[in-house]
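Let's take a walk through this structure together, one piece at a time. Have the view open and turn it as you read.

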Amino acid sequence: MARPFAPGFQIPPDLLLRAYATGVFPMAESADDPEVFWVRPETRGIIPLDAFHVPKSLAKRLRRHPFRIAFDTDFDGVIEGCAEARRDSDETWINAPIREAYGLLFENGHCHTVEAWTDEGLVGGLYGVTLGRAFFGESMFSRCTDASKICLAHLVERLRAQGFMLLDTQFTTPHLKQFGAIDVPRARYEQLLQEALQSGEARFNP
């Protein structure tokens, strides 16, 4: 289970990075809730980069290049897409303090996006935080079939090429498990995290 920590109305970027370095991340109850709470799960989701699996049907679509993939060109568009209410829920946990905090991290080079584009515009994407040789995935969205899945595949390709060691997904879902996501105990996750933080700094962009 997630553990709530002290709430707050703003998240300074340095505090946010320190939180990630200790295995903690922020969430909100809803988009309209002005507060955030800090979460340190007992079990953490990760995708081992050397065991990433692309389902056959998705691999076939990837070869067709259905989208133009871009990196770090539209943070506002990506977080807006991620904040849209899901089909199975009227709520989103991305509130104003979270938007502001990750926007500042993006400006500082510690938050990155992967984006799927068509002639109609932005149709899918994801964003996350980089620190050391770790990438902390935050959220993804699709407005077109497979758009977020293809962004994830491109993310893993980029992380491998740039020397990252850890891809944190916070939690696992059936959607992520098809790509090789696994649950690890908190102690094991924090060991992997420290290894990724103490082994140098990977650059997300070549």
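Start with alanine 116, which, setting aside neighbours within four places in sequence, is in contact with Phe67, Arg68, Ile69, Gly121, Leu122, Val123, Gly124, Ala147 and Cys151. Keep in mind as you look around that this is a predicted model. Alanine 116 has its place in strand E5, and at 0% relative accessibility it counts as buried. Try finding serine 142 from here: alanine 116 and serine 142 are 26 residues apart in sequence, yet 8.8 Å apart in space, C-alpha to C-alpha.

One of those contacts of alanine 116 was Cys151, so let's follow the cysteines next. Cysteine 151 is buried, with a relative accessible area of 0%. How many disulfides does the structure hold? The count is zero. For cysteine 151, the nearest cysteine sulfur is that of cysteine 82, and it lies 9.6 Å away. Cysteine 111 tells a similar story: its closest cysteine sulfur is in cysteine 82, at 9.8 Å, which is too far for a bond. A disulfide would need the two sulfur atoms within 2.5 Å. Cysteine 111 also counts as buried, at 1% relative accessibility.

Cysteine 82 brings us to helix H3, where Cys82 is among the buried residues. Is H3 enclosed or exposed? Seven of its nine residues are buried, so H3 is largely enclosed by the rest of the structure. The buried ones are Phe75, Gly77, Val78, Ile79, Gly81, Cys82 and Ala83. What do they pack against? Their partners are helix H4 and three strands, E5 (111-118), E6 (121-131) and E7 (134-142). That takes us back to E5, the strand where we met alanine 116.

Now for the helices themselves. Two packed helices are described by the angle between their axes and the distance between the axes. H3 (residues 75-83) and H4 (residues 96-107) pack at an angle of about 150 degrees, with their axes 11 Å apart. With that angle, H3 is roughly antiparallel to H4. The crossing, as H3 passes H4, is right-handed. On the H3 side, the contact is made by Phe75, Ile79, Glu80 and Ala83, while H4 brings Arg99, Tyr102, Gly103 and Phe106. Sorted by character, the residues of this contact come out as five nonpolar, one polar and two charged.

H4 has another partner in H1 (residues 13-21), and this pair packs at an angle of about 90 degrees, with axes 9 Å apart. That puts H1 roughly perpendicular to H4. Look for Pro13, Leu16, Leu17 and Tyr20 on H1, meeting Ala101, Tyr102, Leu104 and Leu105 on H4. Which kinds of residue make up this contact? Eight are nonpolar, with no polar and no charged ones. Tyr102 is worth a click, as it takes part in the contact with H3 and in the one with H1.

The next pair is H2 (residues 56-63) with H5 (residues 147-161), packing at about 80 degrees with their axes 11 Å apart. That makes H2 roughly perpendicular to H5. Here Leu58, Arg61 and Leu62 of H2 meet Lys149, Ile150, Ala153 and His154 of H5. The mix in this contact is four nonpolar, one polar and two charged.

Let's pause at arginine 61, which sits in helix H2 and is partly exposed, with a relative accessible area of 22%. Leaving out neighbours within four places in sequence, arginine 61 is in contact with Pro66, Phe67, Thr145, Asp146 and Ile150. Phe67 was also in contact with alanine 116. As for Asp146, it is 85 residues from arginine 61 in sequence and 8.6 Å from it in space, C-alpha to C-alpha.

Aspartate 146 lies in the loop between E7 and H5 and counts as buried, at 18% relative accessibility. Its backbone deserves a look too. Most residues other than glycine have a negative phi. Phi of aspartate 146, though, is near 70 degrees, a positive value. Glutamine 170 also has a positive phi, near 70 degrees. You'll find glutamine 170 in strand E8 (residues 166-170), buried with a relative accessible area of 5%.

Technical notes: Residues numbered from 1 in each chain as written. Predicted model: local features only at pLDDT ≥ 70, side-chain atom pairs only at ≥ 80, totals over all residues. Heavy atoms only, no water. Axes fitted to C-alpha atoms, helices over the stretch in contact; angles between N-to-C directions. Helix = DSSP H or I, 4+ residues; strand = E, 2+ residues; numbered from the N terminus. Parallel < 35°, antiparallel > 145°, perpendicular 65-115°, else oblique. Left-handed = near helix turned anticlockwise from the far one by under 90°. Contact = heavy atoms within 4.5 Å. Nonpolar A, V, L, I, M, F, W, Y, C, P; charged D, E, K, R; others polar. Buried < 20%, exposed > 50% of the residue type's maximum accessible area, 1.4 Å probe, protein only.
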